[in-house]
Amino acid sequence: MVYSTATVPVNLDHDCRRSQTQNWHFNWEFCEGAGASKMHITTSKLAKEFGRQAFGDNPGGYHAARPEYPEWVYDTLNSQCGLRRNSAVFEIGAGTGTATHRLLEIGADPLVAIEPDRRLADFLRANNPDKALKVVVAPFEDAALEEATFDFGVSATAFHWLDEDAALAKIARLLRPGGWWAAVWNVFGDDSRPDPFHEATKELLEAPASPSAGERGIPFALDAEARLDALKRSRAFDAVEAMTSRWTLVLDSDQTVALYATYSNVKARRDCEAVLAELGRIAREDFANRVVRNMMTSLYIGRRAV
């Protein structure tokens, strides 16, 4: 087996109209509303089941607030994993289709998108009227899919909501020998770079941790050792590799509020609206309507052993 890591030399500045979801800083700390007294949150960690219905109240807003994945991700899936036209693909936790539409553009056919929230699934169908797309409304664990029939499986910023070992075992059964698995995340936060917005808000913020926080003080998506160990433990994959890139995302105050409104940690708070209002005020008044978010994208790939 081959287990390796790589850093993709991508450095992009995005003055975006689309933002994203996970910031590892804020997986531990989220905010109180303006003028609110400090309160203690009794739940220290969100259950994995929470993510299955947490994001469907505003699918359009959710979709608009998340950035595309960098193009190097799809280049890698094509050049190293053989993703191409007429590849049989399944996608776990497709949500509103941030990755789905690119997979369809590349030519995935069929593309079976598994999404447990019917509201997101309905949005996904309406936004991607492609005959190659089939949407299965079910948790991945319960989805009835034919084994050994897929060339490629993928999950985009969703795999942390699953039991990793059980999910990898099912993924391995679904893939043909020589097929490929990929898990990708856009992550907010990079400890190697200054983060003024986090520093300006950290004393204000508190919330239960999402599974994206990981188990070892390292975000789930960036814990390459743990993710590669899980693939190795499955005894089903070889040619495994982890890749990352760093980039920045520039948001105005409205985009900042829209972004934080998609965080599971914020959505779990009873004072969510006050939290978002105060974040918007800080972005406008203290950051002159220009918030810079340090982004990392991580990609894990593995070939189904023959």
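Is threonine 100 buried or exposed? In this predicted model, threonine 100 has a relative accessibility of 0% and counts as buried. The residue lies in helix α3. Beyond the neighbours within four places in sequence, threonine 100 is in contact with Glu91, Ala94, Leu111, Leu124 and Leu133. Asparagine 128 is 28 residues away from threonine 100 along the chain. The C-alpha atoms of these two residues are separated by 8.3 Å.

The chain as a whole comes next. Its secondary structure comes to ten helices and ten strands. The chain has 306 residues, and 58% of them count as buried. Contacts between residues at least 6 apart in sequence were also examined. Of these, 83% join residues at least 24 apart.

In soluble globular proteins, nonpolar side chains tend to be buried together. The largest nonpolar core here holds 35 residues. Within this core, Phe90, Phe140, Phe159, Ile171, Trp181 and Phe237 touch the most other members. Several elements give two or more residues to this core. The strands are β4 (89-92), β5 (111-114), β8 (175-188), β9 (237-251) and β10 (291-304). The helices are α5 (164-174) and α7 (224-234). Apart from this core lies another, of 31 residues. Its members include Ala99, Ala108, Ala121 and Ala239.

Isoleucine 171 illustrates the packing of the largest core. Leaving aside neighbours within four places in sequence, isoleucine 171 is in contact with Phe90, Ile92, Phe140, Phe159, Trp181 and Phe237. Isoleucine 171 is also one of the buried residues of α5. The others are Glu164, Ala167, Leu168, Lys170, Ala172 and Leu174. Two charged side chains, Glu164 and Lys170, are thus on the buried list. The buried residues of α5 pack against the strands β4, β7 (150-156), β8, β9 and β10. They also pack against helix α7. An α-helix has 3.6 residues a turn, so residues three or four places apart point the same way. In α7, the buried residues are Ala226, Arg227, Leu228, Ala230 and Leu231. Just after α7, arginine 235 takes a positive phi of about 55°.The search for enclosed space covered the whole structure. Four cavities of 30 Å³ or more were found. The second largest holds about 60 Å³ of space. Its lining is made up of Phe159, Glu164, Leu168, Trp181, Ala183, Trp185, Arg227, Leu231 and Tyr300. Seven of the lining residues are nonpolar, none is polar and two are charged. Helix α5, strand β8 and helix α7 each supply at least two residues of this lining. The largest share, three residues, comes from β8. Phe159 and Trp181 on this lining are also among the residues that touch the most other members of the largest core.

Side chains of opposite charge can pair when their charged atoms come close. The structure contains 18 salt bridges. One joins arginine 102 to glutamate 71, with the closest N and O atoms 2.4 Å apart. This pair links distant parts of the chain. Arginine 102 sits in helix α3 (residues 100-106) and glutamate 71 in helix α2 (residues 71-79), 31 residues apart. Arginine 102 counts as buried, at 14% relative accessibility. Glutamate 71 is partly exposed, with a relative accessible area of 41%.

A second salt bridge pairs aspartate 117 with arginine 119. Here the closest N and O atoms are 2.8 Å apart. Aspartate 117 is buried, with a relative accessible area of 1%. Arginine 119 is partly exposed, at 36%.

In a further salt bridge, the side chains of aspartate 271 and arginine 269 meet at 2.7 Å, N to O. Aspartate 271 has 18% relative accessibility and counts as buried because the cut-off is under 20%. Arginine 269 counts as buried too, at 6%. Elsewhere, salt bridges that share partners join Glu71, Arg102 and Glu105 into one network.

Notes. Residues are numbered from 1 along each chain as its sequence is written. This is a predicted model: local features need pLDDT of at least 70, side-chain atom pairs count only at pLDDT 80 or more; totals for chains, interfaces and linings use all residues. Side-chain values use heavy atoms; hydrogens and water are left out. A nonpolar core is a set of buried Ala, Val, Leu, Ile, Met, Phe, Trp, Tyr and Cys residues joined through side-chain atoms within 4.5 Å. Buried means under 20% relative accessible area, exposed over 50%, partly exposed in between (1.4 Å probe, protein chains only). Helices (H or I, at least four residues) and strands (E, at least two) are DSSP runs, numbered from the N terminus. Contact means heavy atoms within 4.5 Å. On a 1 Å grid over the protein atoms alone, a cavity is a set of points where a 1.4 Å probe fits but cannot get out, and a pocket is an open set with protein on both sides within 12 Å along at least five of seven lines; lining residues have an atom within 4 Å of a point. Grid points are joined across faces, edges and corners, and a volume is the space filled by probe spheres set on the points. Ala, Val, Leu, Ile, Met, Phe, Trp, Tyr, Cys and Pro count as nonpolar, Asp, Glu, Lys and Arg as charged, and the others, Gly among them, as polar. A salt bridge is a side-chain nitrogen of Lys or Arg within 4 Å of a carboxyl oxygen of Asp or Glu.
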